[in-house]
2 protein chains.
Amino acid sequence: MKEPLSQQRAERIAPLLKALADPVRLRLLSLVAAHADGEACVCDLNDAFDLSQPTISHHLKVLHDVGLLDRSKRGVWVYYAVRREALADLGSLIGGVGA
Amino acid sequence: MKEPLSQQRAERIAPLLKALADPVRLRLLSLVAAHADGEACVCDLNDAFDLSQPTISHHLKVLHDVGLLDRSKRGVWVYYAVRREALADLGSLIGGVGA
DNA sequence: CAAACACATCGACGATCATCAATGTCTAGG
DNA sequence: CCTAGACATTGATGATCGTCGATGTGTTTG
């Protein structure tokens, strides 16, 4: 990273990091990633936390809104999947800031 | 990343991401990293933003408190330097969550 | 249609955050 | 000492955030 981040680029990246900057959302993301087919249904995720169902739904929405989770509804259930490309890009960007 | 993040690990990592999750702090970090000797004095950083001096000082403190910036005072000036190891660890962790 | 279930949305509340102006602390020069 | 400069700390304010209970939406089953 020779050139410092432009203001616009920083303002585009910060929301992604803000979405990740919560213990519950970090665990949600890794739980989905660790799941069998790379996707997990909300019912499974709810049971992993001591939080209300609306709260989990809220966190999943935050991760979905910034493009870190894909969402697909099948029947009564909703499945979330990690957008690994977005996560990889973000990771290399962070590691790359230090050169 | 086979195993999902433990709650304790998530709670240890989230503050680092929270520190990064701000456009001003992202730019501060990359400005320091892009500086000649890998360190920059606060006076240089202040001029790069349209913010008050206490605000910049606050952001630098946040980055320092989580261990992303080193601080050294020489004479009247204070120099900050990026802790590249911490940044690299965080970056690979993020990229690694998706497998 | 009705009831049950999975999940989302809404409204509210306390907590945290980014920012500023004012003030404090330390260092260097006169 | 005293003044000026570089940076930090404090206190206040408006905005955002995480969480909850209550309610809404859509789907399956009887």
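## Polar contacts with DNA strand D

In this predicted model, a backbone N or O atom of V78(B) lies 3.2 Å from a phosphate oxygen of DNA strand D, and a polar backbone atom of V76(B) is 3.5 Å from a sugar or linking oxygen of that strand. A base is approached by Q53(B), which places a polar side-chain atom 2.8 Å from a base nitrogen of DNA strand D. The elements that contribute two or more residues to the surface near this DNA strand are α4 (53–65) of chain A and, from chain B, α3 (42–46), α4 (53–65) and β3.

The surface near DNA strand D comprises 24 residues, of which T55(A), H59(A), Q53(B), S57(B) and Y80(B) come nearest. Divided by class, this surface holds 11 nonpolar, seven polar and six charged residues. On the DNA side, 76% of the strand D atoms within 4 Å of the protein belong to sugar or phosphate, while the rest belong to bases.

## The sheet of chain B

Chain B contains an open sheet of three strands in the order β1-β3-β2, with antiparallel pairing. Its edge strands are β1(B) and β2(B), each of which pairs on one side only, and the twist from one strand to the next averages 25 degrees. Helix α4(B) packs on this sheet, where it touches β2(B) and β3(B), and the direction of α4(B) makes about 120 degrees with that of β2(B). As a general point, the strands of a sheet pair through backbone hydrogen bonds, in either a parallel or an antiparallel manner.

Strand β1(B), residues 39–41, is joined by three bridges to the antiparallel strand β3(B), residues 77–82, and within this pairing A40(B) stands opposite Y80(B). Strand β2(B), residues 69–74, runs antiparallel to β3(B) as well and is joined to it by six bridges; here R71(B) has Y80(B) as its bridge partner, and R74(B) stands opposite W77(B). Y80(B) is thus named as a partner of A40(B) and of R71(B), and it is also among the residues that come nearest to DNA strand D.

The strands β2(B) and β3(B) form a hairpin with two residues between them, and G75(B), which lies in the turn, has a positive phi of about 70 degrees.

## Helix packing between chains A and B

Two packed helices are generally described by the angle between their axes and the distance between the axes. Helix α1(A), residues 7–20, packs against helix α2(B), residues 23–34, at an angle of about 120 degrees and with the axes 8 Å apart, in a crossing that is right-handed. The α1(A) side of this contact consists of Q7(A), A10(A), E11(A), I13(A), A14(A) and L17(A), which meet P23(B), L26(B) and R27(B) in α2(B). These residues divide into six nonpolar, one polar and two charged.

For the other pair, α2(A), residues 23–34, and α1(B), residues 7–20, the axes come within 8 Å and cross at roughly 120 degrees, again with a right-handed crossing. On the chain A side, P23(A), L26(A) and R27(A) meet the α1(B) residues Q7(B), A10(B), E11(B), I13(B), A14(B) and L17(B). By class, the contact of α2(A) with α1(B) has six nonpolar, one polar and two charged residues.

Terms used:
Residues numbered from 1 in each chain as written. Chains lettered and ligands numbered in written order. Predicted model: local features only at pLDDT ≥ 70, side-chain atom pairs only at ≥ 80, totals over all residues. Heavy atoms only, no water. Pairing = 2+ DSSP bridges. Helix = DSSP H or I, 4+ residues; strand = E, 2+ residues; numbered from the N terminus. Near = heavy atom within 4 Å. Polar contact = N/O pair within 3.5 Å; in protein donor to acceptor, adjacent residues only side chain to side chain. Nonpolar A, V, L, I, M, F, W, Y, C, P; charged D, E, K, R; others polar. Axes fitted to C-alpha atoms, helices over the stretch in contact; angles between N-to-C directions. Left-handed = near helix turned anticlockwise from the far one by under 90°. Contact = heavy atoms within 4.5 Å.
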